[in-house]
Amino acid sequence: MLEVRLLHKQVKTQNETLEQQVRHRTQQLEQSRLEIIKRLGRAAEYKDNETGNHILRMSHFAQMLALATGLDESFAADILTAAPMHDIGKIGIPDHILLKPGKLDGDEWEVMKTHVRIGADLLADTNVPLLKLASNIALTHHEKWDGSGYPQGLKGKDIPIEGRICSISDVFDALTSERPYKKAWPIEKAVDYLIEQKGRHFDPELVTHFLTIIEQVLHYRARFPDHVAETSDMA
């Protein structure tokens with residue numbers, strides 16, 4: 001009986017050790033997968049005029065807005081990870097259009113708009129839920145509440161919630177950031193724009209929620225201005 005008990009304890013210890021090793025390996029694989037996804041999100045930024053801190057900020061704004069809207073923490077965390085890939089399709093836009101310092105003409109703008117479908121296609125055909133979410137964001141973050149956006153002209157809640165959330169987060173950060181072709185807008189002007197575009201460009205309910213977290217948004221923005229090199233991870 002003692003021998004049987006000792007063997008039982010030995011098997012139990014071995015199983016616990018194996019479970020720990022499996023958990024550790026699973027965590028390593030998950031961390032690697034998330035890191036690859038984050039790097040994909042930064043790929044387009046190296047070709048664009050924008051900075052790595054733009055995707056850092058807008059993805060955190062999106063997470064904050066998701067939580068303020070009442071979405072669960074898991075979904076908000078997924079948006080944080082997927083949002084950096086919203087403009088990955090820009091890697092398929094010719095440099096003379098993507099990097100043009102002035103305003104795009106009509107034909108150039110039509111080419112620029114294709115970045116959403118390019119991005120969605122790059123992230124499509126997968127069984128990974130996070131990449132499916134990223135594909136939806138890439139495809140729909142330029143849709144508008146009134147149906148005047150692109151590429152599908154979706155209207156209202158036909159636009160996935162992740163696309164509506166990232167639209168507000170992306171536009172607010174873009175407006176308040178300096179680019180080679182424009183000056184940064186004052187915060188007050190950008191906030192006024194969000195209010196003005198309630199029910200037109202943006203989901204009015206989401207704008208209301210965004211305004212409730214504006215101090216949190218501005219605090220985070222102050223921590224990661226464009227002129228400071230990104231040194232932290234996006235978790």
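Let's start with K100. At 25% relative accessibility, K100 counts as partly exposed. Keep in mind that this is a predicted model. K100 has a partner, E108, and the two form a salt bridge. The closest N and O atoms are 2.7 Å apart. E108 is buried, with a relative accessible area of 13%. So this bridge joins a buried E108 to a partly exposed K100.

How many salt bridges does the structure hold? The count is 8. Side chains of opposite charge can pair when their charged atoms come close.

Here is another one, between K113 and E110. Their closest N and O atoms are 3.1 Å apart. Both sit in helix 5, 3 residues apart, so about one helical turn separates them. E110 is partly exposed, at 45% relative accessible area.

Now a pair that spans the chain. D173 and R57 meet through their side chains in a salt bridge, 2.5 Å from N to O. D173 belongs to helix 8 and R57 to helix 2. They are 116 residues apart, so to speak of distant parts of the chain is fair. Are they buried or exposed? Both D173 and R57 are buried. R221 joins in as well: R57, D173 and R221 are linked in a network of salt bridges.

On to the nonpolar core. The largest one has 38 residues. Which of them touch the most other members? I168, F172 and F210 do. Seven elements can be read off as giving two or more residues each: helix 2 (52–69), helix 3 (73–82), helix 7 (129–140), helix 8 (161–175), helix 9 (187–196), helix 10 and helix 11 (214–223). Helix 2 gives the largest share, 7 residues. There is also a second, separate core of 5 residues, with I93, I97, L98 and L104 among them.

Let me zoom in on F210. F210 lies in helix 10, residues 204–212. Its relative accessibility is 0%, so F210 counts as buried. What does F210 touch, leaving out residues up to four places away in sequence? The list is F61, L65, I168, F172, L194 and V217. V191 is 19 residues from F210 in sequence, and their C-alpha atoms are 9.7 Å apart in space.

Next, the open space. The largest pocket has a volume of about 1000 Å³. Its lining takes in 30 residues. Which lie nearest the centre? They are W109, H142, Y150, A174 and Y181. Helix 4 (95–98), helix 5 (106–113) and helix 8 each supply at least two lining residues. Helix 8 gives the most, with 5. By class, the lining of this pocket has 11 nonpolar, 9 polar and 10 charged residues.

Last, the enclosed space. There is 1 cavity of 30 Å³ or more. The largest cavity holds about 40 Å³ of space. Its lining is E143, K144, W145, I159, G163, R164, S167, H201, F202 and D203. That lining divides into 3 nonpolar, 3 polar and 4 charged residues.

To recap, helix 8 recurs. Helix 8 carries D173, the partner of R57 in helix 2. Helix 8 is among the elements that give two or more residues to the largest core. And helix 8 gives the most to the lining of the largest pocket.

Key:
Residues are numbered from 1 along each chain as its sequence is written. This is a predicted model: local features need pLDDT of at least 70, side-chain atom pairs count only at pLDDT 80 or more; totals for chains, interfaces and linings use all residues. Side-chain values use heavy atoms; hydrogens and water are left out. Helices (H or I, at least four residues) and strands (E, at least two) are DSSP runs, numbered from the N terminus. Buried means under 20% relative accessible area, exposed over 50%, partly exposed in between (1.4 Å probe, protein chains only). Contact means heavy atoms within 4.5 Å. A nonpolar core is a set of buried Ala, Val, Leu, Ile, Met, Phe, Trp, Tyr and Cys residues joined through side-chain atoms within 4.5 Å. On a 1 Å grid over the protein atoms alone, a cavity is a set of points where a 1.4 Å probe fits but cannot get out, and a pocket is an open set with protein on both sides within 12 Å along at least five of seven lines; lining residues have an atom within 4 Å of a point. Grid points are joined across faces, edges and corners, and a volume is the space filled by probe spheres set on the points. Ala, Val, Leu, Ile, Met, Phe, Trp, Tyr, Cys and Pro count as nonpolar, Asp, Glu, Lys and Arg as charged, and the others, Gly among them, as polar. A salt bridge is a side-chain nitrogen of Lys or Arg within 4 Å of a carboxyl oxygen of Asp or Glu.
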